[in-house]
Amino acid sequence: MALCTLPGTATMSRTISIDPVTRIEGHARISLQLADSGEVEDAKFHLTQFRGFEKFCEGRPYREMPALTARTCGICPVSHLLASNKACDDLLAVSIPPTAEKLRRIMNLAQLLQSHALSFFHLSSPDLLLGWDSDPAQRNIFGVMAQNPELAKQGIKLRQIGQTIIEMLGGKKIHPTWVVPGGVNEPLDSAKREAMLEMLPNALTIAKDTYALFKTMVPRFKDEAEHFGTMPTMFLSLVSPKGQLEHYDGFLRLKDAEGRIVEDMVTPSDYPRIIGEAVEDFSYMKFPYYKPMGYPNGIYRVGPLARLNNADSCGTPFADVALAEFHMLQEDSGPVRSSFHYHYARLVEIIFAIEMMQRLLKDQGILDTRVRARARGNRTEGIGVAEAPRGTLMHHYKIDDAGLISWVDLIIATGHNNLAMNQSIKQVADAYVDGNKLSEGMLNRVEAMIRCYDPCLSCASHAFGQMPLSIELKDAAGNTLDRLVRDA
Amino acid sequence: MTAQAQAATATQASTQPAAGKVKVATIWLDGCSGCHMSFLDMDERLVELAEKIEIVFSPFVDAKTLPSQVDVGIIEGSISNEEDEHKARLFRDRCKLLVSLGDCAVNGNVPAMRNPFKLETVYERAYLENVNVNQQIPTDGVPALLKTVRPVHGVVDVDVFIPGCPPSADTIHTILSDLIEGRTPEPIKVTRFGA
Ligand code: SF4
């Protein structure tokens, strides 16, 4: 680790830049603007990748959209596959066969399982287990393998089970093509059903053990929980028609920081009424906001924390027990406000995903061979909304008479959290960063806070991108005077 | 001869490898991270691999700078902005062997689909048309896009090409093992474009 000494002169405007932000999914940089006193004045999260899907999909046949838009993200391709196919179902004006819907749900839950396992074990467990200030060269999944091989192996196993179920259904772990407009292109056979049902009890054991372990660790992170993004925001997610935890379909719900319902049972295709998008000069990631409150007051969070705050219940036995325990994290009876508890929420959702997959796979009709509705484009505009691991994902397409795409808007799960992530960086930096005396562990806390959100910058870079850690000291004229780089 | 030395000989790399584990660096440029996820899909084989290689720089670890001498550099994604171009050159300079992993790195794939469009229109759709307030094109602390997206070898020389979108974990394991053991890999026997 190479730390430079920062001149403590009183007249300098200084910027700390964390570049790249590591152990997150994508390309980004954090910059902290320091006041003369060394206090953090401003904090920015820069997404540095931009790809332009919204433009280059133009002119493509709509049937290509699921395969194309899945390439926004290799971590949650299934979410794009689903949101895209739902937008296409809307273009076809069909409702898909019930078995197809259940099969799509299983694939979505398998992805929730693998993606949450990746976030918890591969990316965040090094901070939680090895410590924020531990040796950066060891602070990664390989370091966890060396220190706690059993836990690392369990994490790997859990993710593998999710990925294997995706592969069994879709033929590939990453970018499967089995989901198609109108349903899925192949029914499930009984051998695969049995094989999946055989894997899930082991997954449930690992998930419950991890949850139990993490519960014992939470009190140790009291300080982090108080500073990792506790600002009041609203929470947005889908809920089922009964108000339960939902990832595939249902209606949009928005709760405020006190837990009052602001919007409920909003049909997903009505999202443009409540969600707007803004741009800031410093990031390729856009800033969605709740339209009736304007920008930037209409700040909200999405993802596991929002989903658990919004759901009246999970609807599966062990997840409901865990949900009740989750609510106890917040002392007043309102929504759980600290973004640190995204980790907790993720573990609850892992349990839910496994229990729900078991239920769906045991469903009598799951082997039914009617799994696809066939039609051609019957509408010129289609909207598909699903809950990705990181939050609500929206695909919105228009086509011409020949079925070619004429316009696309994608609102990506991580994007919804953009305002909240920026405010959280400011909060965590205020609490831990002293501009007069920098340490690597301080800066790692800033990054670790970002990891709570599990941002998927690869998604966000459909229009946005990549995260890099260095600290730059600039004078008022913007000249770089000194630079701190975090080395392995 | 050590495994690393063999790997170096097999590919006519000129510098002597450092003693110990094979140093591997990975980076994703303009890709979807799917190729990196496929790397993680090696699952429990990662544990064995960790005994032979050391990941010295990667989105999976906390190093913020690329060491000056790396044995194998693996690049996912194509070259789309100024930063990508800079990083690709840095990888070429510091890695004995450079691997293009996945179709985006090998031929431009999905990112290159923007090439037929004028760059301004790509920006305009995302940041002016599809936006409700603060319409503007970001420029502060974000790298400018290049006019055209290129595969990695459009910018620097590449030693090993692994097509696939993404190449499977088995493919990556086979080729990485070849490199570690000093065999010349034959990617085309284990993967194909669009695999
Ligand atoms: S080759 Fe495919 S999987 Fe790899 S980065 Fe490109 S789109 Fe993603």
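**Reading strands and salt bridges**

Q: How do I read burial, say for B:Arg125: is this residue buried or exposed?

A: Look at the relative accessible area, and keep in mind that this is a predicted model. Anything under 20% counts as buried. B:Arg125 has a relative accessible area of 7%, so this residue is buried.

Q: And which residue forms a salt bridge with B:Arg125?

A: For a salt bridge, you look for a side-chain nitrogen of Lys or Arg within 4 Å of a carboxyl oxygen of Asp or Glu. Here the partner is A:Glu58, and the closest N and O atoms are 2.8 Å apart. The pair crosses between chains: A:Glu58 sits in the loop between helix 1 and helix 2 (65–70) of chain A, while B:Arg125 belongs to helix 6 (residues 119–129) of chain B. A:Glu58 has 23% relative accessibility, so it counts as partly exposed.

Q: Which residues are linked with these two in a network of salt bridges?

A: Add A:Lys55 and B:Glu129 to A:Glu58 and B:Arg125, and you have the network.

Q: How many salt bridges are there over all chains?

A: The structure holds 40. One of them brings the side chains of A:Arg51 and B:Asp30 together, at 3.5 Å from N to O. A:Arg51 is in the loop between strand 3 (40–47) and helix 1 (53–56) of chain A, and B:Asp30 is in the loop between strand 1 (22–28) and helix 2 (34–40) of chain B, so this pair joins two chains. Both residues are buried.

Q: What does the salt bridge between A:Asp127 and A:Arg451 tie together?

A: Check where each end lives. The side chains meet at 2.6 Å, N to O. A:Asp127 is in helix 4 (residues 98–130) of chain A and A:Arg451 in helix 15 (residues 440–453) of chain A, so the bridge ties together parts that are 324 residues apart in sequence. Both of these residues are buried too.

Q: Now strands. Which way do the side chains of strand 6 of chain A point?

A: In a regular strand, side chains alternate between the two faces of the sheet. In strand 6 of chain A, A:Met234, A:Leu236 and A:Leu238 point one way, and A:Phe235, A:Ser237 and A:Val239 point the other way. The strand covers residues 234–239, and 6 of its 6 residues are buried.

Q: In which sense does strand 6 of chain A pair with strand 11 of chain A, and how many bridges are there?

A: The sense is parallel, over 2 bridges, with strand 11 covering residues 300–301. A:Met234 stands opposite A:Tyr300 there. Strand 7 (residues 251–255) of chain A runs antiparallel to strand 6, and 5 bridges join them. On that side, A:Phe235 stands opposite A:Lys255.

Methods. Residues numbered from 1 in each chain as written. Chains lettered and ligands numbered in written order. Predicted model: local features only at pLDDT ≥ 70, side-chain atom pairs only at ≥ 80, totals over all residues. Heavy atoms only, no water. Buried < 20%, exposed > 50% of the residue type's maximum accessible area, 1.4 Å probe, protein only. Helix = DSSP H or I, 4+ residues; strand = E, 2+ residues; numbered from the N terminus. Pairing = 2+ DSSP bridges.
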